[in-house]
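This report examines the internal spaces, the surface and the charged contacts of one protein chain. The reader is invited to follow each residue in the structure shown below.

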Amino acid sequence: MLKNQEGGWDFDRVLTLAVVAIVLLLSIMPMFRLLFEVAVPSSGSPGALGKTFSSSATWTATLHSLQVGIGGTILAVFLGTSVALIVGLTAVRGRSVFVFLYVTPLLIAPQVTALAWLQLFGPASPFLKLIGMAPALGSRNPLYSTTGIIVLLGVQYGPLVFLMVRAGLRKLPRELVEAGSSSGAGRFTVLRTIILPLMMPSIIGAAALTFVSCVGNFGIPAFLGIPANYLVLPTLIYQKLAGGGPTVLSEVAVLSILIGVIAMTGIFAQEYVSRRRDYRIVSTSLPAAPYDLGKFRLVIELLMMLVVIAVLGLPILGLVLTSLVSAYGAPLTLQTITLANYGFVIFEHGATGRAFFNSFGLSLTTAFFAVMIAVPLAYMVTWRQSWWTRIINLSIELPYALPGVVLAIAALLLFLKPLPVIGVQIYNTIWIILYAYLARFLVLALRPTVSGLHQIDRSLEEAAQVAGAGLITRMRTIIFPLVAPATIAGGVLIFLTAFSELTVSALLWASGSETIGVVIFSFEQGGDSNYAAATSTLTVAMTFTLMLLTNLFARHLPNGVLPWRD
């Protein structure tokens with residue numbers, strides 16, 4: 001079956017079977033196992049469905065998830081759209097630097113963002129003490145609230161909205177804007193009647209993706225909500241697993257399905273709203289000419305600078321200052337400044353060193369395998385289009401489109417028992433985290449690879465095929481070299497995203513398989529904010545450095561592969 005008429009291997013069939021097997025393993029099997037657990041509970045809890053839905057904690061957490069999901073989405077859409085309109089429509093200076101800095105919070109782990117803001121506004125904040133505005137020790141941190149969670153979710157995902165709306169603005173037809181202006185309409189009238197209506201698909205799509213991200217976020221509600229006893233569905237699942245272990249898997253499976261239903265409701269709502277109007281344009285042209293800001297240019301540029309300082313500069317400053325003081329609540333002076341916190345987390349605390357090693361290894365391995373898998377997978381999806389390749393493409397998107405907690409629970413259920421035939425147990429090991437990372441982040445390497453293949457003339461590959469080159473030879477000598485920059489850039493994004501990830505690893509880690517995100521969370525939960533700040537600062541420094549290094553070969557990449565690249 002897998003050999004051709006000459007008796008050699010039919011690599012085309014081998015590739016097809018390998019792609020199908022990968023999709024089954026990483027996307028379809030975990031989701032099927034999750035649904036099966038809800039329908040046929042296997043952990044001794046036949047009444048899990050009724051027990052879960054009859055619990056007041058479930059509905060309280062659901063209400064909280066909706067509150068912060070909707071609130072965070074509204075704020076993120078407002079911030080991201082406003083910034084995108086300024087950057088995309090006006091002739092501001094320093095656009096590249098601003099985009100780089102504004103997008104950075106999106107690539108910083110949510111728990112690091114939460115910790116940075118907590119250290120900036122808390123009663124023990126070295127920054128507030130430095131400027132004489134710190135409240136009395138023991139005062140409640142204002143971020144321990146629903147409003148605090150919503151604000152941080154809005155700040156975290158505002159750049160996501162910015163990227164999607166800005167991509168839409170780049171396709172805005174110049175003639176429509178110029179027609180409105182030439183007919184006497186002012187700038188705000190053109191914005192209201194032409195630009196914003198044409199941008200609605202991008203804005204609605206960004207809102208749907210942001211809602212899914214907010215509902216599934218674990219880091220920010222964990223840092224800000226758990227101390228205030230304000231639980232959302234992901235933190236409720238975490239607490240149930242921490243207190244009950246495998247015996248509550250059926251219950252948390254129901255909760256994860258509930259999260260998935262809420263998330264998909266947002267996606268379907270976006271589809272419904274988008275179909276109610278026709279947003280198509282009949283032609284394409286050059287992007288609209290940027291507006292000259294005139295005497296308001298300096299004011300707008302100062303406003304942009306203040307935005308960067310507010311969403312990135314001050315929180316990171318608060319994080320760094322907290323990492324440099326000798327004790328919680330101590331003011332930052334020449335007598336109290338110290339590097340001992342860094343020394344402890346790097347050289348003395350065994351779990352931190354192990355976590356850095358684990359996170360680095362997991363992220364690098366995930367990125368490597370994703371890059372290797374993405375090229376043949378993209379080849380099938382892009383150049384072998386049929387009904388089944390479309391299903392494969394959608395299946396690969398599923399683990400990333402759904403909240404991470406859904407995939408984590410699915411992985412737990414899938415690998416609770418030893419693997420069939422070989423009898424190997426990966427439950428409670430680092431390998432289950434690797435599996436979940438690869439399933440969740442593979443699409444980040446697939447998307448830029450598909451974009452790269454779309455920009456390649458297939459005649460090169462077809463000529464090699466006519467000349468007798470086999471599939472493996474064509475992959476190695478033509479396809480991979482041409483798409484390598486885009487694919488490797490996707491691998492870098494995977495590394496940056498996975499390095500300090502928490503949502504998945506918080507539910508899958510065991511002793512010895514801690515990740516950086518887990519250690520930061522454990523430090524903060526244990527009251528060791530200085531150590532958490534030091535670890536977070538190191539993580540931010542590594543993320544920022546990798547982003548800068550990736551910019552060195554950005555000119556070789558297709559547009560849009562690097563989100564921070566202008």
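Which helix supplies the largest share of the lining of the second largest pocket? The answer is given in the section on that pocket, after a word on the origin of the model.

## Origin of the model

The structure discussed here is a predicted model.

## The second largest pocket

The second largest pocket holds about 510 Å³ of space. Its lining consists of 16 residues, and those closest to the centre are Leu85, Ile86, Thr90, Phe188 and Leu191.

Helix H3 contributes the largest share of this lining, with 7 residues. Helix H3 spans residues 56-89; helix H9 (187-216) and helix H13 (297-324) likewise supply at least two residues each. Sorted by class, the lining of the second largest pocket comprises 12 nonpolar, 3 polar and 1 charged residues.

## The cavity

A search of the whole structure finds 1 cavity of 30 Å³ or more. The volume of the largest cavity is about 60 Å³. Its lining is made up of Pro105, Ile108, Val112, Thr113, Ala116, Trp117, Val311, Leu312, Pro315 and Ile316.

Helix H5 (110-121) and helix H13 each provide at least two of the residues that line the largest cavity. In this lining, 9 residues are nonpolar, 1 is polar and none is charged. Helix H13 thus appears in the lining of the second largest pocket and in that of the largest cavity.

## A nonpolar patch on the surface

Which residues form a nonpolar patch on the surface? They are Val20, Leu24, Leu25, Ile28, Met29, Phe32, Phe36 and Val40, and together they have about 670 Å² of accessible area.

One member of the patch, Phe36, is located in helix H1, which covers residues 11-39. The relative accessible area of Phe36 is 41%, so this residue counts as partly exposed.

## Salt bridges

How many salt bridges does a search of the whole structure find? The search finds 6. In one of them, the side chains of Arg93 and Glu301 meet with an N to O distance of 2.8 Å. Because Arg93 lies in the loop between H3 and helix H4 (95-107) while Glu301 lies in helix H13, this pair ties together parts that are 208 residues apart in sequence. Glu301 has a relative accessible area of 13% and is therefore buried.

A salt bridge also joins the side chains of Arg354 and Glu514, at 3.0 Å from N to O. This pair links distant parts of the chain, 160 residues apart: Arg354 belongs to helix H15 (residues 350-383), and Glu514 to the loop between helix H21 (505-508) and helix H22 (516-525). Is each partner buried or partly exposed? Arg354 is partly exposed, with a relative accessible area of 35%, whereas Glu514 is buried, with a value of 8%.

## A further pair and a network

In the salt bridge between Arg447 and Glu397, the closest N and O atoms are 2.9 Å apart. Arg447 is part of helix H18 (residues 430-454) and Glu397 of helix H16 (residues 387-401), so that distant parts of the chain, 50 residues apart, are linked. Arg447 is partly exposed at a relative accessible area of 41%, and Glu397 is also partly exposed, at 24%.

Finally, Lys51, Lys240 and Glu251 are joined into one network by salt bridges that share partners.

Notes:
Residues numbered from 1 in each chain as written. Predicted model: local features only at pLDDT ≥ 70, side-chain atom pairs only at ≥ 80, totals over all residues. Heavy atoms only, no water. 1 Å grid on protein atoms, 1.4 Å probe; cavity = no way out; pocket = protein on both sides within 12 Å on 5 of 7 lines; lining within 4 Å. Points joined across faces, edges and corners; volume = space filled by probe spheres on them. Helix = DSSP H or I, 4+ residues; strand = E, 2+ residues; numbered from the N terminus. Nonpolar A, V, L, I, M, F, W, Y, C, P; charged D, E, K, R; others polar. Patch = residues over 30% accessible without salt bridge, like charges linked within 9 Å, V, L, I, M, F, W, Y side chains within 5 Å. Areas by Shrake-Rupley, 256 points an atom, 1.4 Å probe, with all protein chains shown as cover. Salt bridge = Lys/Arg side-chain N within 4 Å of Asp/Glu carboxyl O. Buried < 20%, exposed > 50% of the residue type's maximum accessible area, 1.4 Å probe, protein only.
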